[in-house]
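Student: I have a new structure open and would like to walk through it. Can we take it piece by piece?

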Amino acid sequence: MPFYTPVDFDYYAPRNVDEAVTLLSEKEDSVIIAGGQTLLTLLKLRILRPKNVIDLSKVSSLRYIKEENGEIRIGAITVHNEVARSQLIASRCGLLSAAAGRIGDEQVRNRGTIGGSVANADPSANYEPVLLALDARFTLIGPQGRREVGAREFFVDAYTTAINKGEVLTEVKVRELSEVGYSFKKAARREQEFAIVNVAALLWLEGDEIKDVRVAVGGVTARPERLDGVEEALIGKGKEAIPSALSSVEYSGKPISDVRASSGYREYLSKIYLRRALEEAYARAKGVRS
Ligand SMILES: Cc1cc2nc3c(=O)[nH]c(=O)nc-3n(C[C@H](O)[C@H](O)[C@H](O)COP(=O)(O)OP(=O)(O)OC[C@H]3O[C@@H](n4cnc5c(N)ncnc54)[C@H](O)[C@@H]3O)c2cc1C
């Protein structure tokens, strides 16, 4: 019989980041909870049996969205719906709004946090390819102090990030974008579910030619991947180059086979969604320049 209640644990609700970091290092076998949308299930099924649970949701200083020196800074406990509905993010970084607005359902978006999602690093999570394409930076605070990690280093493997034991992820930062076409595509069996494949594309035009492009895919392999070959095949070309650029799709990791889809289906689907994403990003870029 499966369990549906957690083992007993001590609960702590720090009021600031310093307190949270101290608790994490002082209390052995401790785990952070933020929105609880992933962690509670792991506790209830007793997949995790920590002695101490440290609740970040009362650290209100970590709940913000602000603009500073051309960057958008998002506090770790900002919930998905706040990201999705932020006017600032919509106007300066539409790709991020699009991804946040398509996470799970309304309840998940009202409770789940950006920090919890990226710390959990589910290969099918919406934010992963998006934050990789955006070259996001992550702020981590631990007993050794503060450090910043870029997206290419942050996502290490499935459910594994660069966050060290004892560290708290406090902020996600992305640069504001201008004159960019973007697209986020999610292929899922049902809209409220995790994706089989997610694609994020950013594209800049000079006339009809692609001046720069960034494309990242999530869900195919254990961590989100930037498709450098596809990007190189598109720069300096027009829209007609999109279908042939897809022959340069190459994943560095091993494609995943699981209950959601086989590896072959994921690779096949990724090419279809890549084409759609690049075409949409191109059309949007045309729109912002005309
Ligand atoms: C029904 C359902 C559907 C979903 N669909 C989608 C979907 O379509 N797309 C998608 O992307 N996600 C989906 N999710 C996951 C959702 O986005 C969760 O919000 C997210 O995975 C975890 O965020 P959380 O704040 O709830 O974190 P929690 O569950 O509280 O924590 C998750 C993990 O992150 C760690 N953690 C949390 N915050 C921090 C921090 N600041 N620093 C260090 N470690 C931290 C915790 O210790 C834990 O290991 C779905 C979830 C559910 C329940």
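Student: Which residues is T221 in contact with, leaving aside its neighbours within four places in sequence?
Tutor: The model is a predicted one. In it, T221 is in contact with P123, Y251, G253, K254, P255 and I256, once neighbours within four places in sequence are set aside.

Student: Where is T221 placed?
Tutor: T221 is in the loop between strand 13 (209-218) and strand 14 (225-226).

Student: Is T221 buried or exposed?
Tutor: T221 counts as buried, because its relative accessibility is 3% and the cut-off for buried is under 20%.

Student: What does the side chain of T221 make a polar contact with?
Tutor: One partner is the side chain of E225, at 2.8 Å. A polar atom of the T221 side chain also lies 3.0 Å from the backbone oxygen of R223.

Student: Switching to D157. Which strand is that in?
Tutor: D157 belongs to strand 8, residues 155-157. D157 counts as partly exposed, at 40% relative accessibility.

Student: What does D157 touch, not counting residues up to four places away in sequence?
Tutor: D157 touches A121, A222 and R223 on that count. R223 came up earlier, with its backbone oxygen 3.0 Å from a polar atom of the T221 side chain.

Student: And how far apart are the C-alpha atoms of D157 and K44?
Tutor: They are separated by 25 Å, and the two residues are 113 residues apart along the chain.

Student: Back to strand 14. What is the order of the open sheet of four strands?
Tutor: The order is 11-12-13-14, with antiparallel pairing. Strand 11 (181-187) and strand 14 are the edge strands, each pairing on one side only.

Student: How many bridges are there between strand 11 and strand 12?
Tutor: Seven bridges, in the antiparallel sense, with strand 12 covering residues 197-206. To pick out one pair, K186 has N198 in strand 12 as its bridge partner.

Student: New topic, strand 5. Why is strand 5 described as largely enclosed by the rest of the structure?
Tutor: Strand 5 covers residues 71-75, and five of its five residues are buried, so it is largely enclosed by the rest of the structure.

Student: Which residues are on which side of strand 5?
Tutor: E71, R73 and G75 are on one side, while I72 and I74 are on the other. These residues are all buried, and both faces of the strand are covered.

Student: How does strand 4 run against strand 5?
Tutor: Strand 4 (residues 65-68) runs antiparallel to strand 5, and four bridges join them. Within this pairing, K66 stands opposite R73. The two strands form a hairpin with two residues between them. N69, in the turn, has a positive phi of about 50°.

Student: What about strand 5 and strand 10?
Tutor: Strand 5 and strand 10 (residues 168-175) also pair in the antiparallel sense, over five bridges. There, I74 stands opposite V172 of strand 10.

Student: Pockets next. What volume does the largest pocket have?
Tutor: About 1200 Å³. It is lined by 46 residues, and those closest to its centre are T38, L39, G116, A119 and N120.

Student: Which elements give two or more residues to that lining?
Tutor: They are strand 2 (30-33), helix 2 (39-44), helix 7 (114-120), strand 9 (160-161) and strand 10. Helix 7 gives the most, with five residues.

Student: How does the lining of the largest pocket split by class?
Tutor: It has 20 nonpolar, 19 polar and seven charged residues.

Student: And the second largest pocket, what volume is that?
Tutor: The second largest pocket has a volume of about 230 Å³. Of its 14 lining residues, R152, P224, E225, R226 and S252 are the closest to its centre. E225 is also the residue whose side chain makes a polar contact with the T221 side chain. Helix 9 (151-154), strand 14 and helix 10 (228-234) each supply at least two residues of the lining. By class, that lining has five nonpolar, three polar and six charged residues.

Student: Last one. What is phi like at D29?
Tutor: D29 has a positive phi of about 50°, although it is not a glycine. D29 lies in the loop between helix 1 (17-26) and strand 2, and counts as partly exposed at 38% relative accessibility.

Conventions
Residues are numbered from 1 along each chain as its sequence is written. This is a predicted model: local features need pLDDT of at least 70, side-chain atom pairs count only at pLDDT 80 or more; totals for chains, interfaces and linings use all residues. Side-chain values use heavy atoms; hydrogens and water are left out. Buried means under 20% relative accessible area, exposed over 50%, partly exposed in between (1.4 Å probe, protein chains only). A polar contact is a pair of N or O atoms within 3.5 Å; within protein, one must be able to donate a hydrogen and the other to accept it, and residues adjacent in sequence count only if both atoms are side-chain atoms. Contact means heavy atoms within 4.5 Å. Two strands pair if DSSP finds at least two bridges between them. On a 1 Å grid over the protein atoms alone, a cavity is a set of points where a 1.4 Å probe fits but cannot get out, and a pocket is an open set with protein on both sides within 12 Å along at least five of seven lines; lining residues have an atom within 4 Å of a point. Grid points are joined across faces, edges and corners, and a volume is the space filled by probe spheres set on the points. Ala, Val, Leu, Ile, Met, Phe, Trp, Tyr, Cys and Pro count as nonpolar, Asp, Glu, Lys and Arg as charged, and the others, Gly among them, as polar.
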